[in-house]
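Subject: Structure handover

Hello,

Here is the structure you are taking over. My notes on it follow below.

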Amino acid sequence: MFNLQNKHAVITGGGSGIGRAISVLFAKQGATVHIIELNKAAAEQTVAEIEEAGSKAFSYEADISKQEQVLAVFAEIGKVDILVNNAGIAHVGNLENTTEADLDRLYNVNVKGAYNALYAVIPVMKANGGGVVLNMASIASSVGISDRFAYSMTKGAIYAMSLSVARDYINDNIRCNTISPARVHTPFVDGFIAKNYAGKEAEIFEKLSKSQPIGRMGKPEEVAALALYLCSDEAGFITGTDYPIDGGFIKLNN
Ligand SMILES: NC(=O)c1ccc[n+]([C@@H]2O[C@H](COP(=O)([O-])OP(=O)(O)OC[C@H]3O[C@@H](n4cnc5c(N)ncnc54)[C@H](O)[C@@H]3O)[C@@H](O)[C@H]2O)c1
């Protein structure tokens, strides 16, 4: 089960956190993994880890918000069976402390970045007789989270974008789903705590851990396991669906 042998999987942001865990697991299950990353050194580190374990991976340095760069990378990769739109950036703030520049930056990476990869890959998947797309959404796609104005906007867009793609390409044998994690302990979380809560890191870490009724943050490997299922042939009946992985955040926080 969950065999990805002979499949080419593209993972954006595979140099860190959730994307790194997905890259490592997909390669272990037999996929040839292609990592598109802004951070070249981090991507090369994931590739080295995969190669050391005897599997196959390649890294490509690109900014997913730049269409020209993304199209060039996908032209180089060629056949793609699985696309995981994972790369994303955070922003802490409500509407009043979100500047136009903040909004544009979040949109360009989190929304346009996913669009750019889809724009490149959908024709390839259609020509190959199908494929699977998995987009990284968030609990912020469907729940009001304080001080996440720009971020929530982008993750709501990812959810709606995924429904649109799932609907439009269902007859091309392309499935498209989203995963919505609550807090997962990655450099993404450590980074925004350090940037926005200097001096109160431990207190905020504890608070964010407790915001999941299960009492802790998720692990990147736990998200990767769900990603593997959704991208495997075993999930062939699943499309147009969002999967929260949230330690009870959405349904048990009362
Ligand atoms: N960690 C969480 O708590 C959490 C919760 C819900 C959703 N998510 C989502 O999961 C995804 C991964 O999060 P993470 O915590 O692993 O983050 P992370 O910061 O650990 O890793 C993200 C990776 O994306 C890369 N990246 C950023 N901008 C890029 C760009 N323009 N082009 C190419 N690569 C770029 C970064 O270099 C980094 O390696 C994001 O979309 C995030 O919004 C994370």
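A word on domains before the rest: their bounds here come from an automatic or database domain assignment. Please also keep in mind that this is a predicted model.

The assignment splits the protein into domain 1, made of 8-182 + 219-245, and domain 2, which covers 185-217. Taken over C-alpha atoms, the centres of domain 1 and domain 2 are 23 Å apart. In the contact between them, domain 1 contributes 8 residues and domain 2 contributes 7 residues. On the domain 1 side, the residues that touch domain 2 are 5 nonpolar, 2 polar and 1 charged.

Next, the sheet. It is open and has 7 strands, with parallel pairing, in the order β3-β2-β1-β4-β5-β6-β7. At the edges are β3 (57-61) and β7 (242-245), each of which pairs on one side only. On average, neighbouring strands of the sheet are turned by 20° against each other, direction ignored.

One pairing in more detail: strand β1 (residues 8-12) runs parallel to strand β2 (residues 32-37), and 5 bridges join the two. Within this pair, A9 has V33 in β2 as its bridge partner.

Two helices are worth a note. Helix α2 (residues 40-52) packs on the sheet and touches β2 and β3; the direction of α2 makes about 175° with that of β3. Helix α5 (residues 149-168) lies across β5 (131-136), β6 (174-181) and β7, and α5 runs at about 160° to β6.

Regards

Note on methods
Residues are numbered from 1 along each chain as its sequence is written. This is a predicted model: local features need pLDDT of at least 70, side-chain atom pairs count only at pLDDT 80 or more; totals for chains, interfaces and linings use all residues. Two strands pair if DSSP finds at least two bridges between them. Helices (H or I, at least four residues) and strands (E, at least two) are DSSP runs, numbered from the N terminus. Axes are lines fitted to C-alpha atoms, for helices over the stretch in contact, and angles run from 0 to 180 degrees between N-to-C directions. Ala, Val, Leu, Ile, Met, Phe, Trp, Tyr, Cys and Pro count as nonpolar, Asp, Glu, Lys and Arg as charged, and the others, Gly among them, as polar.
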